[in-house]
Amino acid sequence: MQNRNKKNNGSLLMLTVALLCLYGLLASCKYFDNNDENKDDEQEKKPETVTMYYHSADGNEKGGYWLEGGKKVTLKKVSATSGRRGLWYKPSVPQSDDADFIGWYEQIGSGLASSPYVFFEPLTEDVVLYAKWKSYEESGETDPTEKTKVKLSFEASITKESGETISVAKDPVWVDTGSKVDEPSAPGYETSRVFTGWFTSTDYNERFDFANRTIDADTTVYGYYADWKGTLAELIAIQGTLASGASLYITGDGQVDFSNASVKSWFKDKTGMSDKSKDAALKVNFSGLTSLTSIDAETFKDIESFAAIIFPYSVEEIGKNAFKNGKLSGMILPPKLKKIGKEAFMDNDELGYFVIPEGVEEIDENAFAGIKDLRPNALPSTLKTLHPFVFWESIFGDCKIYYNGTMEQFNAITFLDSDKAKDPFTIVCTDGEMKSKVYLRKK
């Protein structure tokens with residue numbers, strides 16, 4: 001009997017130990033599960049992409065719209081890279097039949113914020129913005145032609161070395177409708193940066209022509225600051241003084257000869273930069289070249305010193321291989337652009353999102369190929385000719401390609417080498433989706 005009790009006690013002890021081990025194992029699994037969940041939570045807190053939602057009507061459904069393919073659109077969704085400034089993802093200004101556009105605002109409670117959204121701040125989460133409008137009725141006027149005074153506003157901001165963005169806007173002025181005004185001076189703010197002038201939008205590719213343009217409605221002009229301003233000849237004389245990330249504003253008259261060996265060598269060898277490392281880069285605004293109509297073939301091929309570029313308003317064509325094998329992370333294409341040449345922006349790995357403007361009629365083969373981080377980009381409704389492989393190895397998976405026109409308009413485009421198409425993919429038009437065998441990308 002005693003031996004049997006000892007045996008039973010031993011079995012009970014072993015069972016107890018086994019249960020404790022099992023409990024510890026389960027607790028350990030729960031610990032790791034919780035850790036995995038925490039890791040997932042941390043990853044969710046740091047999204048690689050965010051979405052910017054633009055409502056053309058305010059919270060009271062008052063406002064305007066965009067015209068896409070002959071239809072009115074009141075919402076635009078733009079996929080943006082987390083950490084980049086919202087400035088690169090700003091849509092065109094919506095239009096209205098009975099109100100003036102004031103700006104983009106976040107919603108606070110049942111109304112809109114008192115100050116406009118600051119697009120210079122880095123994006124860290126989804127943003128929902130509403131267009132703010134001032135109706136003619138609110139001004140006591142029923143028709144814009146009846147206005148006797150209109151408001152001219154001046155907006156400008158400067159990003160300090162600390163990353164803080166501050167507004168340096170001038171006070172607005174009221175002027176007679178249809179009148180011209182002298183170009184105002186720069187905002188009264190002491191800074192080492194150079195004020196380059198007033199522009200029609202925050203794309204900063206068209207200067208406001210105060211000498212010839214009349215103020216017919218409430219108007220806002222935007223001031224632009226750069227770290228350096230001058231001609232290409234003055235630029236290539238600089239030796240090792242520009243810091244990485246510096247912004248340049250290039251001026252000049254006539255069609256500039258970018259093929260000049262000294263110009264290309266300066267950008268390629270980073271002659272003017274104090275840091276000539278692989279990651280050293282410049283933000284270049286060419287909008288001061290107001291007579292430039294084309295960027296010729298291979299102009300800036302293999303140039304890695306451009307981080308971002310703003311094209312002149314006047315440019316209508318970007319040639320073959322013009323920016324191939326570069327390091328562009330952002331660009332603003334000109335509104336007058338008609339043709340984008342073969343392999344023009346091929347293998348710019350860091351180029352994520354940009355807008356192909358309405359007005360572009362032809363996009364040549366491999367124009368945006370090999371851009372690994374390319375976000376879905378809408379094709380303009382003005383397209384007449386589309387070559388194959390435009391987004392080759394750039395848009396992967398089940399990404400859809402968007403088109404700013406109707407299905408009928410899309411089918412009217414001339415597709416060169418369409419016989420090379422194999423697998424259909426989805427084209428999203430303003431009036432629905434359809435499958436197309438146009439060979440724009442690799443499946």
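How many Å² does the accessible surface of the chain come to, and what share of it belongs to carbon and sulfur atoms? The accessible surface comes to about 22800 Å², of which 48% belongs to carbon and sulfur atoms, the areas being obtained by the Shrake-Rupley method with a 1.4 Å probe.

This is a predicted model, in which local features need pLDDT of at least 70 and side-chain atom pairs count only at pLDDT 80 or more, whereas totals for chains, interfaces and linings use all residues. Residues are numbered from 1 along each chain as its sequence is written, and side-chain values use heavy atoms, with hydrogens and water left out.

**Confidence**

The mean pLDDT (the predictor's confidence in each residue, from 0 to 100) is 80 for the chain, and 78% of its residues reach 70 or more. Confidence is lowest in helix α1 (residues 2-45), with a mean of 49, and highest in strand β22 (residues 339-340), at 97. Over residues 1-7 the pLDDT is below 50, and this stretch has zero contacts in the model beyond near neighbours in sequence; a contact means heavy atoms within 4.5 Å. Residues 39-44 are likewise below 50 and have zero contacts beyond near neighbours in sequence. Where pLDDT is low, the predicted coordinates should not be read in detail.

**Fold**

The chain has four helices and 29 strands, these being DSSP runs (H or I over at least four residues for helices, E over at least two for strands) numbered from the N terminus. Of the 443 residues, 44% are buried, that is, under 20% relative accessible area, with exposed meaning over 50% and partly exposed in between (1.4 Å probe, protein chains only). Among contacts between residues at least 6 apart in sequence, 54% join residues at least 24 apart.

An open sheet of five strands runs in the order β15-β16-β17-β19-β21 with parallel pairing, where two strands pair if DSSP finds at least two bridges between them. Because β15 (228-231) and β21 (330-332) stand at the edges with a single partner strand each, one side of each is left without a neighbour in the sheet. Strand β19 (residues 306-310) pairs with β21 in the parallel sense over three bridges, and the bridge partner of Ile310 in β21 is Ile332.

**Positive phi outside glycine**

Asn325 has a positive phi although it is not a glycine, and Phe389 also has a positive value in a residue other than glycine.

| Residue | Phi | Loop | Relative accessibility |
|---|---|---|---|
| Asn325 | about 60 degrees | between β20 (317-318) and β21 | 26%, partly exposed |
| Phe389 | near 60 degrees | between β25 (385-386) and β26 (401-403) | 14%, buried |
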